[in-house]
Every structure is written in C-alpha cells, then in structure tokens.
Amino acid sequence: MHQDVADMGPVDYLIVEFPGSRMTGEGMPLLVDLVEDGVIRILDLVFIQKGADGSVAVLEFRELGDRAELTVFEGASSGLLDQGDLDEAGAALEPGNSAAVIVYENLWAAPLARALRRGGAEMVAGGRIPVDALLASLDATEPVRPSGGTVTAS
C-alpha cells in the first residue's frame with residue numbers, strides 16, 4: 001500500500017472497547033459501507049483483548065467467530081501499528097474487555113488536504129470532541145427562560 005503522502009487525506013484512529021469482550025458485529029456493515037462509499041480507507045484493523053493481568057493480546061480474525069463482514073478487513077495492515085501502540089491502546093481498556101483498533105484515512109478530506117498542501121499550508125493538529133462533552137456544552141448554552149423552562153423554536 002504505497003501512496004504518496006502528499007495525496008492522502010488526514011489519518012485518524014479509533015479504539016472501540018467491547019465490554020466483556022462481547023462483539024455483536026452490529027457496526028461492521030456500517031464500516032464496510034464507509035469503505036465502499038469512498039468515505040474512508042482502512043489502513044489497519046486489529047482486535048485486541050486485555051487479560052485480567054493487564055497483558056494485551058492480538059486476536060486473530062478466526063477467533064472472532066464466523067462474522068462474514070469481518071473477513072473483508074482481514075489482512076488490513078499498513079504496518080503503522082506495532083506492539084507498543086497496541087499496548088498503549090490496551091491501557092485504555094478494562095481487564096477482560098476487547099477492542100478494535102482502527103487506523104483509517106479520511107478519503108473525503110483528501111482533496112481539501114491536497115489543495116491546502118499545494119498552497120503551502122500544513123495540518124498541524126487535530127482532535128475529537130467526545131459526544132458527552134459536546135452534549136454537555138450544548139445543554140449549557142441553551143437559553144433558559146426566567147421560570148427555568150428551556151426556550152425552544154417553533
């Protein structure tokens with residue numbers, strides 16, 4: 001998977017924890033849709049499990065059951081993730097839980113990123129706002145009526 005970095009969109013990662021290592025596979029078809037629709041490109045997809053002793057082990061796709069939608073991503077490995085990255089991801093997990101570690105390119109943003117680079121701009125930082133923090137912030141900024149009720153638009 002060699003591609004000129006100047007042509008790529010921003011690359012992000014997600015760590016999705018599955019309490020009790022219970023993976024239903026419910027989100028996998030949606031992940032497949034994002035790939036097939038050209039929104040993202042999966043660079044790495046690794047499943048890990050944190051043991052009771054805190055150790056982090058990589059789970060093979062065949063260990064995850066017979067979910068056909070997972071086989072689409074089998075072998076998705078750019079080499080970006082090493083054991084140190086997986087151990088760091090595992091530090092975010094509770095013992096006995098598993099997780100999917102996904103590294104993906106935002107294909108939707110690649111044209112913008114290319115144009116910015118051609119103009120000499122550099123993307124120097126990025127981040128995510130947790131949904132809970134976003135909702136709390138929005139709730140805090142809603143106008144409140146003097147009687148304590150919330151003002152809503154009709």
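These legends describe close-up views of a predicted model.

**View 1. Four strands build an open sheet.** The strand order is 1-4-2-3, and the pairing is antiparallel. Strand 1 and strand 3 (56-59) stand at the edges. Each has a single partner strand, so one side of each is left without a neighbour in the sheet. Neighbouring strands are turned by 30° against each other on average, direction ignored.

**View 2. Strand 1 pairs with strand 4.** Strand 1 covers residues 11-18, and strand 4 covers 98-106. Eight bridges join the two strands in the antiparallel sense. Glu 17 has Ala 99 of strand 4 as its bridge partner. Strands of a sheet pair through backbone hydrogen bonds.

**View 3. Helix 1 packs on the sheet.** Helix 1 spans residues 28-36. The helix touches strand 2 and strand 4. The direction of helix 1 makes about 155° with that of strand 2.

**View 4. The largest pocket holds about 360 Å³ of space.** Its lining counts 20 residues. Nearest the pocket centre lie Val 16, Phe 18, Gly 27, Met 28 and Ile 102. By class, the lining has 14 nonpolar, three polar and three charged residues.

**View 5. Helix 1 and three strands contribute to the lining of the largest pocket.** Strand 1, strand 2 (40-50), strand 4 and helix 1 each supply at least two lining residues. Helix 1 gives the largest share, four residues.

Notes. Residues are numbered from 1 along each chain as its sequence is written. This is a predicted model: local features need pLDDT of at least 70, side-chain atom pairs count only at pLDDT 80 or more; totals for chains, interfaces and linings use all residues. Side-chain values use heavy atoms; hydrogens and water are left out. On a 1 Å grid over the protein atoms alone, a cavity is a set of points where a 1.4 Å probe fits but cannot get out, and a pocket is an open set with protein on both sides within 12 Å along at least five of seven lines; lining residues have an atom within 4 Å of a point. Grid points are joined across faces, edges and corners, and a volume is the space filled by probe spheres set on the points. Ala, Val, Leu, Ile, Met, Phe, Trp, Tyr, Cys and Pro count as nonpolar, Asp, Glu, Lys and Arg as charged, and the others, Gly among them, as polar. Two strands pair if DSSP finds at least two bridges between them. Axes are lines fitted to C-alpha atoms, for helices over the stretch in contact, and angles run from 0 to 180 degrees between N-to-C directions. Contact means heavy atoms within 4.5 Å.
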